[in-house]
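User: I'd like to go through this one by asking what stands behind each label. Can you set the values against the cut-offs as we go?

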Amino acid sequence: MSHHHAHSHSHDDLLGEIVSELQPVLEEAEQGIYIYFDDEEKLCNEKFSSLLGYDSTEEWAQMEGSFPTLFVDANSQDTLIDAYQKAMQSMTASTTKVRWKKKSGGTADTTVILVPISYKDHLFALHFVA
């Protein structure tokens, strides 16, 4: 028995599976999309990473630190966190205005549509950013 993985599903495997399930959506969407599990486990499509000025989705996903602090303008942090918590607690989708921090230091004003979904008993939110 190998014990690399204490969990039958590490988030890495899960993210990989979710990406392949959602690949057509991530690639074809005219909106930026990201999925957030926690500060280490997140993914996005190229429209979102380029909106924020990152060279690739990998570069964005490898950024370390608190998600709101890294990516969200101070005035939008509570708004986005509240919307995310509502989605997780009461399965409520919502639309909220969010100002993002760009890598270059500028900002991007968007509307985020936040939709709760589950996959193999894991709950997370799909964020569409336009």
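**Labels and the values behind them**

Analyst: Let's start with L123, which, leaving aside neighbours within four places in sequence, is in contact with F37, M88, M91, I117 and S118. L123 is found in strand β5. Keep in mind that this is a predicted model.

User: What makes those residues count as contacts of L123?

Analyst: The cut-off is heavy atoms within 4.5 Å. F37, M88, M91, I117 and S118 are in contact with L123 by that test.

User: Why is L123 called partly exposed?

Analyst: Its relative accessibility is 35%. Buried means under 20% and exposed means over 50%, with partly exposed in between, so L123 at 35% counts as partly exposed.

User: And how far is L123 from I33?

Analyst: Their C-alpha atoms are separated by 17 Å, and the two residues are 90 apart along the chain.

User: Is Y84 buried or exposed, and how do you know?

Analyst: Y84 has a relative accessible area of 19%. The limit for buried is under 20%, so Y84 is buried. Y84 lies in helix α5 and, again without neighbours up to four places off, is in contact with Y36, F37, L114, A125 and H127. Its C-alpha atom is separated by 9.0 Å from that of F124, 40 residues apart along the chain.

User: What about T57 and S49: why are they called buried?

Analyst: T57 has a relative accessible area of 17% and S49 has 2%. With the limit at under 20%, T57 is therefore buried, and S49 is therefore buried too. T57 is in helix α3, residues 57–61, while S49 is in helix α2, residues 46–51. Beyond four places in sequence, S49 touches C44, Y54, S56, T57 and W60. Seen from the other side, T57 touches C44, N45, E46 and S49.

User: What is odd about the phi of M91?

Analyst: Phi of M91 is near 55°, a positive value in a residue other than glycine. Most residues other than glycine have a negative phi. M91 is in the loop between α5 and β3. At 46% relative accessibility, set against the over 50% needed for exposed, M91 counts as partly exposed.

User: Where is K120, and what is its phi?

Analyst: K120 is in the loop between β4 and β5. Its phi is positive, about 50°, although K120 is not a glycine. Its relative accessibility is 45%, so K120 counts as partly exposed.

User: Now the whole chain. How many helices and strands are there, and in what pattern?

Analyst: There are 5 helices and 5 strands, and along the sequence they run α-β-β-α-α-α-α-β-β-β.

User: What makes the protein as compact as a globular protein of its length?

Analyst: The radius of gyration is 15 Å, and the globule rule gives 14 Å for 130 residues; the two are close, so the protein is as compact as a globular protein of that length. Along its principal axes the C-alpha trace spans about 50 × 35 × 30 Å. Buried residues make up 39% of the 130. Of the contacts with a separation of 6 or more, 45% are between residues 24 or more positions apart.

User: Which residues touch the most other members of the largest nonpolar core?

Analyst: That core has 22 residues, and the ones touching the most other members are Y34, F48, W60, F67, F71, L80 and W100. The elements giving two or more residues are β1, α4, α5, β3, β4 and β5, and α5 gives the most, with 5. A second, separate core of 14 residues includes L14, L15, L22 and F128.

User: What does Y34 contact outside its own stretch of sequence?

Analyst: Leaving aside neighbours within four places, the partners of Y34 include L43, C44, F48, W60, F67, L80 and W100, and also A125, L126, H127 and V129.

User: Last one: how are surface and charge made up?

Analyst: The accessible surface comes to about 7,500 Å², of which 49% belongs to carbon and sulfur atoms. There are 9 positive and 21 negative charges, and their mean positions are 9 Å apart.

How values were computed: Residues are numbered from 1 along each chain as its sequence is written. This is a predicted model: local features need pLDDT of at least 70, side-chain atom pairs count only at pLDDT 80 or more; totals for chains, interfaces and linings use all residues. Side-chain values use heavy atoms; hydrogens and water are left out. Helices (H or I, at least four residues) and strands (E, at least two) are DSSP runs, numbered from the N terminus. Buried means under 20% relative accessible area, exposed over 50%, partly exposed in between (1.4 Å probe, protein chains only). The radius of gyration is taken over C-alpha atoms; the globule rule is 2.2 Å times the number of residues to the power 0.38. Accessible areas come from the Shrake-Rupley method with a 1.4 Å probe; for residues, only the protein chains shown count as cover. Lys and Arg count as positive and Asp and Glu as negative; His and the chain ends are not counted. The place of a charge is taken as NZ of Lys, CZ of Arg, CG of Asp or CD of Glu. A nonpolar core is a set of buried Ala, Val, Leu, Ile, Met, Phe, Trp, Tyr and Cys residues joined through side-chain atoms within 4.5 Å.
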